[in-house]
Amino acid sequence: MNYKRKIFVQPEIDGQDFEDCVFEHCKFTDLNFKFNNFKNCIFKNCDFSGSLFDSVGLSECKFPDSKLSFSDFGNVNLFNCNFSGSVMENCIFQKLKGGSKNDRKIFDLRNCNFENVYLTGSVFVMCNLNEISFNKSILENVVFERCDLEKTDFNECKLEGTGFTDCKIKATILDMNGFISFGVSKGFTLK
């Protein structure tokens, strides 16, 4: 099914599952996604501003040029999703243990693509980002807390103000500007 320039309203998505759909220039603004599943869908230049995700599955989906800012992915199952070219400002990537508001568990994002994504102000807590590429992404003021960043690619990223707290860093890839930004985030001064 193909949808072009459609403005979705709440009753159209309530409890619905979508598979092999293409959404172009569609608006999903201020919607509450609950118990929805999207499989093998493409969201090209779509807007999810102000929407909430609760018990949602996103599997093998692509989001080129889409806006997903201010989204909390804590209650979203992400599998093999490609966010390349999207805007995801001030998003939260963390998983809470069932029934808890504070206890976190590992959020495995190893099969997702975050290349060339605008992620300014986003937060990643206890995420497995092992061997993920953030190549050419804007990661200014992003927080990585207790994340596995082994062999993660931050080449050509903007990392000003980005914090790496208690992260596993081994063979993590940075270009010269990223290396300087990382050093500054750890309190070093370049002379």
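This is a working chat about a predicted model, covering its nonpolar core, strand pairing, salt bridges, backbone angles and surface.

User: Let's start inside. Which residues touch the most other members of the largest nonpolar core?

Analyst: The largest nonpolar core has 50 residues, and those that touch the most other members are Phe 23, Leu 78, Phe 93, Phe 124, Phe 134 and Phe 144. The elements that contribute two or more residues to this core are β8, spanning 56-59, and β9, spanning 76-79. As a general point, nonpolar side chains in soluble globular proteins tend to be buried together.

User: And what does Phe 93 touch?

Analyst: Leaving aside residues up to four places away in sequence, Phe 93 touches Phe 73, Leu 78, Met 88, Phe 107, Leu 109, Phe 114, Leu 119, Val 123, Phe 124, Val 125 and Cys 127. Two of these contacts, Leu 78 and Phe 124, are also named among the core residues that touch the most other members.

User: Back to β8. Are its residues on the two faces buried or exposed?

Analyst: Both faces of β8 are covered, with Val 56 and Leu 58 buried on one side and Gly 57 and Ser 59 buried on the other. That arrangement can be read against the general rule that side chains in a regular strand alternate between the two faces of the sheet.

User: Which strand pairs with β8 over three bridges, and in what sense?

Analyst: Strand β5, residues 37-39, pairs with β8 in the parallel sense over three bridges, and within that pairing Phe 38 stands opposite Leu 58. β8 is also joined to β9 by four bridges, and these two strands likewise run parallel. In the pairing with β9, Gly 57 has Asn 77 as its bridge partner.

User: Switching to charges: how many salt bridges are there?

Analyst: The structure holds four salt bridges. One of them joins Asp 54 to Lys 34, with the closest N and O atoms 2.9 Å apart. Asp 54 lies in strand β7, residues 52-54, and Lys 34 lies in strand β4, so this pair ties together parts that are 20 residues apart in sequence.

User: How exposed are Asp 54 and Lys 34?

Analyst: Asp 54 is partly exposed, with a relative accessible area of 25%, and Lys 34 is also partly exposed, at 40%.

User: Which residue does Glu 12 bridge to, and what about Arg 110?

Analyst: Glu 12 forms a salt bridge with Lys 6, their closest N and O atoms being 2.7 Å apart, while Arg 110 forms one with Asp 108, where the corresponding distance is 2.6 Å. In the first pair, Glu 12 is partly exposed at 31% relative accessibility, and Lys 6 is partly exposed at 26%. In the second pair, Arg 110 is partly exposed at 46%, and Asp 108 is partly exposed at 33%.

User: What else touches Arg 110, say from the loop between β15 and β16?

Analyst: Asn 130, which sits in the loop between β15 and β16, touches Arg 110 along with Asp 148, Glu 150 and Thr 152, not counting residues up to four places away in sequence. Although Asn 130 is in a loop, it is buried, because its relative accessible area of 17% falls under the 20% cut-off.

User: Which residues other than glycine have a positive phi?

Analyst: His 25 is one of them, with phi near 55°, and Lys 136 is another, with phi near 65°. For context, most residues other than glycine have a negative phi. His 25 is in the loop between β3 (22-24) and β4 (32-34) and is partly exposed at 32% relative accessibility. Lys 136 is in the loop between β15 (127-128) and β16 (143-145), where it is partly exposed, with a relative accessible area of 46%.

User: Last topic, the outside. Which residues form a nonpolar patch on the surface?

Analyst: Met 176, Phe 179, Ile 180, Val 184 and Leu 190 form that patch, and together they have about 550 Å² of accessible area. Met 176 lies in helix α2, residues 176-185, and counts as exposed at 59% relative accessibility.

User: Which α2 residues are buried, and what follows the helix?

Analyst: Gly 178, Ser 181 and Gly 183 are buried in α2, and the helix is followed by Gly 187, whose phi is positive, near 95°.

Terms used. Residues numbered from 1 in each chain as written. Predicted model: local features only at pLDDT ≥ 70, side-chain atom pairs only at ≥ 80, totals over all residues. Heavy atoms only, no water. Core = buried A, V, L, I, M, F, W, Y, C linked by side-chain atoms within 4.5 Å. Buried < 20%, exposed > 50% of the residue type's maximum accessible area, 1.4 Å probe, protein only. Contact = heavy atoms within 4.5 Å. Salt bridge = Lys/Arg side-chain N within 4 Å of Asp/Glu carboxyl O. Pairing = 2+ DSSP bridges. Patch = residues over 30% accessible without salt bridge, like charges linked within 9 Å, V, L, I, M, F, W, Y side chains within 5 Å. Areas by Shrake-Rupley, 256 points an atom, 1.4 Å probe, with all protein chains shown as cover.
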